[in-house]
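Here is a short report on the fold, the pockets and a few single residues. Please keep the sequence and the 3D view at hand while reading.

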Amino acid sequence: MAGPLAGLRVIECGEGTSAAYAAKLLGDLGAETLKIEHSEQGDVTRTRGPFPGNTPDPETSALFLYLNANKRGAAIDLTHPRGREALTRLVGEADLLIHNVPPARMPALGLVFDDLHRRNAALIMTSISPFGATGPNRDFKAEELTSSNAGGWAWIVDPDVGDRNLPPLKSFGDQCNYQAGLNAAVASLGALLARDLHGAAGQHIDVSVQECVMTFLEMNFIHYSYGGRVATRYGSRVLHPWSMLRASDGLVFMVCVEEDQWSRFVEWMNAPEWASLEVFADRFLRAENWDALKPFIEEWTAERTVDEIFQGGLRRRIPVAPVSMMSDLLTDQHLRERDFFVKLAHPRAGTLEYAGAPWKLSATPWELRTPAPLLGQHTEEILAAAGYGRGEIDKLADEGVI
């Protein structure tokens with residue numbers, strides 16, 4: 001059964017995760033997705049791993065395999081004039097071009113929207129960059145750490161040790177660029193719907209990673225604009241308990257700030273004497289004196305397993321949840337019964353298990369159909385389909401363009 005985006009033609013180029021993730025989301029829903037990589041070294045994610053057996057191999061990087069399943073791959077040097085000409089010809093048959101090339105470098109790689117739009121008036125081009133294609137910061141370079149701080153996310157990340165003076169911290173991984181990819185996919189689908197449903201023209205979508213980060217920070221900007229208050233970090237909550245707590249075999253996260261919840265929690269702990277102290281009399285005092293209260297609570301939680309605390313909290317209507325580790329998630333019964341994990345065979349990496357999609361479509365299902373391409377695996381067939389003859393393809397190969 002075809003996916004909901006079957007028939008949609010997508011081209012992706014650039015480096016790293018943001019454009020690749022956007023194209024992956026569309027490809028997993030059935031779009032025909034072409035990934036263009038540099039003809040020699042390929043995408044940088046091929047070098048990042050992790051690799052099976054810890055043996056570096058550009059064809060078996062887990063990051064690359066995850067981001068690029070359901071794509072065909074072409075290796076084309078866009079810095080070469082004939083490479084840019086090939087891109088232009090391919091764009092002529094595409095619905096959407098997604099890239100994360102920095103604005104200043106876009107002309108050198110043939111990614112000027114007006115030029116491509118003349119070739120294909122219906123084209124949607126989505127550009128992802130750290131600070132967007134306009135404004136005084138448009139040409140600033142940035143890694144994910146930069147974006148996390150520029151968008152304000154790092155400030156509110158805290159390991160829950162109660163020290164509001166700690167420097168900003170970044171979450172593990174490339175989370176900001178994944179968020180940019182998700183936003184790029186949503187915006188692209190919106191533009192495609194506008195084109196196909198309402199006759200709107202093709203258009204250029206400008207995605208800023210910094211602005212993507214700012215949009216998911218909950219009410220932090222409203223706190224400041226309404227009341228001039230800087231958002232709190234986990235370690236400086238005005239209400240408590242609202243914290244990660246140590247169990248005998250892991251961590252749990254508890255939000256027990258309503259007085260009825262606290263009463264049931266105290267009863268569950270067999271009403272220890274310290275719970276009646278005046279310094280813990282209400283949720284504000286418990287927050288003010290959290291440094292003293294937390295050790296008392298953890299003395300109790302540390303004698304119980306994560307599951308004991310979780311199940312006991314459920315029965316008593318006390319909000320508490322396990323802090324899942326990767327090992328927990330990979331064996332999670334709920335995820336397994338929902339068929340969240342998917343196995344896919346790759347010619348070099350073998351059969352591996354991939355994270356699935358967070359949605360289920362009953363009539364047009366999500367599907368991992370094909371593994372990530374080997375570098376340049378489909379170059380010749382893609383160029384042939386675009387009208388290149390055998391002699392032209394051989395010449396491009398001789399010149400190092402492909």
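Of the 402 residues of the protein, 44% count as buried. The model is predicted. The protein has 16 helices and 11 strands. Along the principal axes, its C-alpha atoms fill a box of roughly 85 × 45 × 40 Å. Take the contacts between residues at least 6 apart in sequence: 70% of them join residues at least 24 apart.

**The six-stranded sheet**

Six strands make an open sheet with parallel pairing, in the order β3-β2-β1-β4-β5-β6. Its edge strands are β3 (71-75) and β6 (204-208), each of which pairs on one side only. Neighbouring strands here are turned by 20° against each other on average, direction ignored.

Strands of a sheet pair through backbone hydrogen bonds, in either the parallel or the antiparallel sense. For β1 (residues 9-13) and β2 (residues 32-37) the sense is parallel, and the pairing runs over five bridges. R9 has E32 of β2 as its bridge partner. I11 is partnered in the same way by L34 of β2.

How many of the six residues of β2 are buried? Five are, so β2 is largely enclosed by the rest of the structure. A residue counts as buried when its relative accessible area is under 20%.

Helix α1 (residues 18-28) lies across β1, β2, β3, β4 (96-99) and β5 (124-129). Its direction makes about 145° with β4.

**The three-stranded sheet**

A further open sheet has three strands in the order β7-β8-β9, with antiparallel pairing. β7 (242-247) and β9 (320-322) are the edge strands, and each pairs on one side only. On average, neighbouring strands of this sheet are turned by 25° against each other, direction ignored. Helix α12 (residues 306-316) packs on the sheet and touches β7, β8 and β9. The direction of α12 makes about 150° with that of β9.

β7 and β8 (residues 250-255) are joined by six bridges in the antiparallel sense. The bridge partner of R246 in β8 is L251.

**Pockets**

Rolling a probe the size of a water molecule over the atoms shows where empty space is left. Two pockets are described here.

| Pocket | Volume | Lining residues | Nonpolar / polar / charged |
|---|---|---|---|
| Largest | about 1300 Å³ | 32 residues | 23 nonpolar, four polar, five charged |
| Second largest | about 1000 Å³ | 42 residues | 17 nonpolar, 13 polar, 12 charged |

Which residues lie nearest the centre of the largest pocket? They are Y66, Y178, M326, Y354 and A355. At least two lining residues come from each of α1, α2 (62-68), α6 (175-198), α13 (326-330) and β11 (350-355). Helix α1 thus appears in two places: it lies across strands of the six-stranded sheet, and it supplies residues to this lining.

In the second largest pocket, E15, G16, N100, V101 and P102 lie nearest the centre. β2, β5 and α5 (144-150) each supply at least two residues of its lining. α5 gives the most, with three residues. Both β2 and β5 are strands of the six-stranded sheet.

**Two single residues**

P241 sits in the loop between α8 (220-227) and β7. Is P241 buried or exposed? P241 is buried, because its relative accessible area is 1%, and the limit for buried is under 20%. Leaving aside neighbours within four places in sequence, P241 is in contact with M254, V255, C256, V257, W262, R286, W290 and I297. M254 and V255 fall in strand β8 (residues 250-255). V257 is 16 residues from P241 along the chain, and their C-alpha atoms are separated by 5.8 Å.

E288 lies in helix α10 (residues 283-288). Why does E288 count as exposed? Its relative accessible area is 63%, and exposed means over 50%. E288 and E380 are 92 residues apart along the chain. Their C-alpha atoms are separated by 67 Å.

Conventions. Residues are numbered from 1 along each chain as its sequence is written. This is a predicted model: local features need pLDDT of at least 70, side-chain atom pairs count only at pLDDT 80 or more; totals for chains, interfaces and linings use all residues. Side-chain values use heavy atoms; hydrogens and water are left out. Two strands pair if DSSP finds at least two bridges between them. Helices (H or I, at least four residues) and strands (E, at least two) are DSSP runs, numbered from the N terminus. Axes are lines fitted to C-alpha atoms, for helices over the stretch in contact, and angles run from 0 to 180 degrees between N-to-C directions. Contact means heavy atoms within 4.5 Å. On a 1 Å grid over the protein atoms alone, a cavity is a set of points where a 1.4 Å probe fits but cannot get out, and a pocket is an open set with protein on both sides within 12 Å along at least five of seven lines; lining residues have an atom within 4 Å of a point. Grid points are joined across faces, edges and corners, and a volume is the space filled by probe spheres set on the points. Ala, Val, Leu, Ile, Met, Phe, Trp, Tyr, Cys and Pro count as nonpolar, Asp, Glu, Lys and Arg as charged, and the others, Gly among them, as polar. Buried means under 20% relative accessible area, exposed over 50%, partly exposed in between (1.4 Å probe, protein chains only).
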